[in-house]
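I opened my notebook for a friendly look through this fold. I'll jot down each thing I looked up, in the order I looked.

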Amino acid sequence: MRNDENVSVTKTSKGAATHSLSSVTDNDEVLFETIDIQQGLRIGLITLNREKSLNALTTSMCQLISVQLTIWETDDSLVAIVLRGAGERALCAGGDIRNLYAARQQWDGEGIAPPEAVDFFTNEYHLDTQMHEYHKPIITWGNGIVMGGGMGVLSSSSHRIVTETTRAAMPEVNIGLFPDATGSWFLQRFPAKSGLFMGLTGADANANDALLCNLADFRMNSQDFDKMVQCLAEADWSNVVTLKNKQFQSLKLNNVVTKALSQCSMESIKNTDFAPSNIAKHLSSIQNLMTCGGLDKIDSILMSDEQLQQFCPNLANDPWFKSALGNYRYGCPVTKAITYEMYQRAHNLSLSEVMALETNVALHCIVYPDFSEGVRALLIDKDRNPKWSRTMEECLDLEGQAYIQGHFEELH
């Protein structure tokens, strides 16, 4: 493996930098570079480089990023890290579930998750936790599609930027999984139980939704990535890296980044049209729906046009909600039941406890049939006609509840 010592960087007259990419992996799934700024200091840049796959995460990508973050965290000359996706379409569309599907199809271990799935979830969740606990600022450019594992990366960063093209969601209900990659953690922090709604329906969040729900800190124009990096490069980093107290230094580094991004954001959004927040518009209706009773009552309303019109007519007639409703009605009943149960269980858990719980539940999902069927119907055969293992009614009876609870037991 090569590290950032091989990166070629040239200073400009303004003290920022022109820079070249230097990958740390032969297949170039992730690109790493550094940018010289001032006083011998640098900013690290990570690019998820699978543009044709919407920068979907693989096990090796998670491993490479984790290793590079470890190297950079002990490098006193490196003051911050920027993470982006290649191309204009996506930061990251999630994990590479096609690989997980293929591994499951080839695996004949009874009641045991395939090794590829264990490796993927272990490394993905480790990376999310590492980013959460990182002592230097991580600035993530949440442009375009941000879904599944991409949401984990975004939410785990210290400084999160969204644009007018941002489309963020946890659509696992469509493939027999649940909102993982810290989803059980950050959905708890959405206002008025809107996180439960987003998890059950896979509804899209735009930039203003992301700000409202604490998924993002700044808005910028999608064409202003280079300007954002320039603002960081020209920030006042003096007297920060010489601080001996690492905790105090971390605080000061974050303050420098926050100030630079705030100034850049104010300038960037002046001529940018951001769609209004759908969640803010319907927050009261969403809260009423999510607190109308248990999952049985919520499901009864969501599956009935007549009940929806009676219970929340403004929500029922909204195009954004209709799209989310389509996801819910198409989606896997077992996934809905797991998502609802996880939301209740994760309420008072620490991040590390949530990660341990998510790992176990995710591996159960891979072992059980709905994941394979969901991926087959949506991505392999593309007939959009999944044969789910249970109906919602069957998930909610005594046998079904035992089946759902079994996903939370330790998987051997």
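**Entry 1, the largest pocket.** I began with open space, keeping in mind that this is a predicted model. The largest pocket holds about 930 Å³ of space. I then asked which residues of its lining are closest to its centre. Of the 39 lining residues, those are Ala 93, Ile 97, Met 147, Pro 171 and Leu 379.

Next I looked up where the lining comes from. Helices α2, α3, α15 (319-330) and α18 (369-380) each supply at least two residues, and so do strands β9 (145-147) and β11 (167-169). Helix α15 gives the most, with four residues.

**Entry 2, helix α3.** I picked α3 from that list for a closer look. I wanted to know how far apart its end C-alpha atoms are. Helix α3 covers residues 115-132, and at 1.5 Å a residue its 18 residues should span 26 Å; the end C-alpha atoms are 26 Å apart, so the two agree.

I also noted which of its residues are buried. They are Ala 117, Phe 120, Phe 121, Asn 123, Glu 124, Tyr 125, Leu 127, Asp 128, Thr 129, Gln 130 and Met 131. The cover over these buried residues includes α1 (59-73), α2 (97-105), α4 (149-155) and α17 (351-367), along with strands β6 (78-85) and β8 (138-142).

**Entry 3, aromatic pairs.** How many aromatic pairs does the structure hold? I find eight. For Phe 32 and Trp 72, the ring centres are 5.9 Å apart and the planes meet at 75 degrees; over 60 degrees counts as edge-to-face, so this pair is edge-to-face. The pair links distant parts of the chain, with Phe 32 in strand β4 (residues 30-36) and Trp 72 in helix α1, 40 residues apart. I checked burial too: Phe 32 is buried at a relative accessible area of 1%, and Trp 72 is buried at 0%.

Back in α3, Phe 121 and Tyr 125 form a tilted pair, 5.7 Å centre to centre with 45 degrees between the planes. These two are four residues apart in the helix, so about one helical turn separates them. Both Phe 121 and Tyr 125 are buried. Ring pairs link Phe 120, Phe 121 and Tyr 125 into a cluster.

**Entry 4, charges over rings.** Last, I looked for arginines over aromatic faces. Arg 189 lies over the face of Trp 185, 3.6 Å from the ring centre. I also noted Arg 219, whose charged end sits over the ring of Phe 274 at 4.6 Å from its centre.

Terms used:
Residues are numbered from 1 along each chain as its sequence is written. This is a predicted model: local features need pLDDT of at least 70, side-chain atom pairs count only at pLDDT 80 or more; totals for chains, interfaces and linings use all residues. Side-chain values use heavy atoms; hydrogens and water are left out. The expected span of a helix is 1.5 Å times one less than its number of residues. Buried means under 20% relative accessible area, exposed over 50%, partly exposed in between (1.4 Å probe, protein chains only). Contact means heavy atoms within 4.5 Å. Rings of Phe, Tyr and Trp (its six-membered ring) pair if their centres lie within 6.5 Å; planes under 30 degrees apart count as stacked, over 60 as edge-to-face and the rest as tilted. A charge sits over a ring if NZ of Lys or CZ of Arg is within 6 Å of the ring centre and within 35 degrees of the ring normal. On a 1 Å grid over the protein atoms alone, a cavity is a set of points where a 1.4 Å probe fits but cannot get out, and a pocket is an open set with protein on both sides within 12 Å along at least five of seven lines; lining residues have an atom within 4 Å of a point. Grid points are joined across faces, edges and corners, and a volume is the space filled by probe spheres set on the points.
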